[in-house]
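Welcome, and please open the model in your viewer. We will go through it one selection at a time.

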Amino acid sequence: MCQLFSHSEADTMKIGEILGKCCRGGELIALCGDLGAGKTLITRGLGNGLGVKAAIHSPTFSLVNEYTGRLWLYHSDFYRLNHVDEVMDLGIEEYLNPQGVLVIEWADKYEAVLPRPFLKINLAAISEGQRKISIQSVGSPIDNFSVGLEILKRDYSRK
Ligand SMILES: Nc1ncnc2c1ncn2[C@@H]1O[C@H](COP(=O)(O)OP(=O)(O)OP(=O)(O)O)[C@@H](O)[C@H]1O
Ligand SMILES: [Mg+2]
């Protein structure tokens with residue numbers, strides 16, 4: 001478990017970027033936190049770390065947005081899903097291929113059915129511009145992120 005503090009949008013983006021740079025393909029990143037906590041913003045940072053150049057927006061009509069980069073970024077959002085069957089219909093396993101990284105907003109809604117291991121990132125507003133960002137591996141440690149997490153702990157532990 002790693003607890004970080006972001007003091008700005010730029011911090012949150014950078015935290016995402018460092019994690020994105022750690023990805024080697026096949027990672028699942030589960031984002032949780034209230035409306036406006038910064039899930040889409042950290043996804044944009046992850047996109048930067050994955051070499052995505054296109055503008056990233058939360059999927060609304062599509063269930064999963066796909067962006068090309070050094071690796072593919074597959075961006076999903078469980079906010080509008082109302083039943084676990086809809087998660088099953090997404091075919092999550094197909095997105096967990098070596099060419100891409102799957103990032104899911106509101107993932108805790110259906111956390112029980114997510115394939116392990118995954119990196120869980122919880123964002124919580126502590127003031128208008130500040131966020132507490134808690135990161136943990138669920139299932140088993142994900143080696144790819146270990147160096148990035150050390151860098152993040154060094155640079156973003158200060159409240
Ligand atoms: N330190 C910070 N990190 C992230 N966002 C911040 C920070 N400080 C302020 N904000 C603001 O919080 C908002 C985060 O919006 P964002 O769309 O990323 O949230 P979200 O968690 O994806 O919300 P939703 O549940 O609606 O999808 C933005 O308006 C952003 O400017
Ligand atoms: Mg969002």
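Which backbone atom of Gly-129 or its kind, N or O, should you look for beside ligand 1, and how many Å from a nitrogen atom of ligand 1 does a backbone N or O atom of Gly-129 lie? The distance is 2.9 Å, with the backbone of Gly-129 supplying an N or O atom and ligand 1 a nitrogen. Keep in mind that this is a predicted model.

**Stop 1: the shell around ligand 1.** Select the 17 residues around ligand 1; those that come nearest are Glu-9, Thr-12, Lys-39, Thr-40 and Gly-129. Colour the shell by class and you should find six charged, seven polar and four nonpolar residues.

**Stop 2: two more polar atoms.** Show the side chain of Thr-12, where a polar atom sits 2.6 Å from a nitrogen atom of ligand 1. Then turn to Thr-40, which places a polar backbone atom 2.8 Å from an oxygen atom of ligand 1. Switch on the surface here: on its own, ligand 1 has 650 Å² of accessible area, and the protein covers 74% of that.

**Stop 3: the helices.** Next, highlight helix H1 (9–22) and helix H2 (39–49), the elements that give two or more residues to the shell around ligand 1. H2 provides the largest share, three residues.

**Stop 4: the magnesium ion.** Stay with Thr-40 and select ligand 2, the magnesium ion: Thr-40 (OG1) and Glu-105 (OE) coordinate it at 2.1 to 2.2 Å. Because Thr-40 belongs to helix H2 and Glu-105 to strand S5 (residues 100–105), the pair ties together parts that are 65 residues apart in sequence. Both Thr-40 and Glu-105 are buried.

Conventions. Residues are numbered from 1 along each chain as its sequence is written. Chains are lettered from A and ligands numbered from 1 in the order in which they are written. This is a predicted model: local features need pLDDT of at least 70, side-chain atom pairs count only at pLDDT 80 or more; totals for chains, interfaces and linings use all residues. Side-chain values use heavy atoms; hydrogens and water are left out. A residue is near a molecule or strand if one of its heavy atoms lies within 4 Å of it. A polar contact is a pair of N or O atoms within 3.5 Å; within protein, one must be able to donate a hydrogen and the other to accept it, and residues adjacent in sequence count only if both atoms are side-chain atoms. Accessible areas come from the Shrake-Rupley method with a 1.4 Å probe; for residues, only the protein chains shown count as cover. Helices (H or I, at least four residues) and strands (E, at least two) are DSSP runs, numbered from the N terminus. Ala, Val, Leu, Ile, Met, Phe, Trp, Tyr, Cys and Pro count as nonpolar, Asp, Glu, Lys and Arg as charged, and the others, Gly among them, as polar. Donors are N, O and S atoms within 2.8 Å of the metal (3.2 Å for Na, K and Ca); water is not among the atoms, so sites may look incomplete. Buried means under 20% relative accessible area, exposed over 50%, partly exposed in between (1.4 Å probe, protein chains only).
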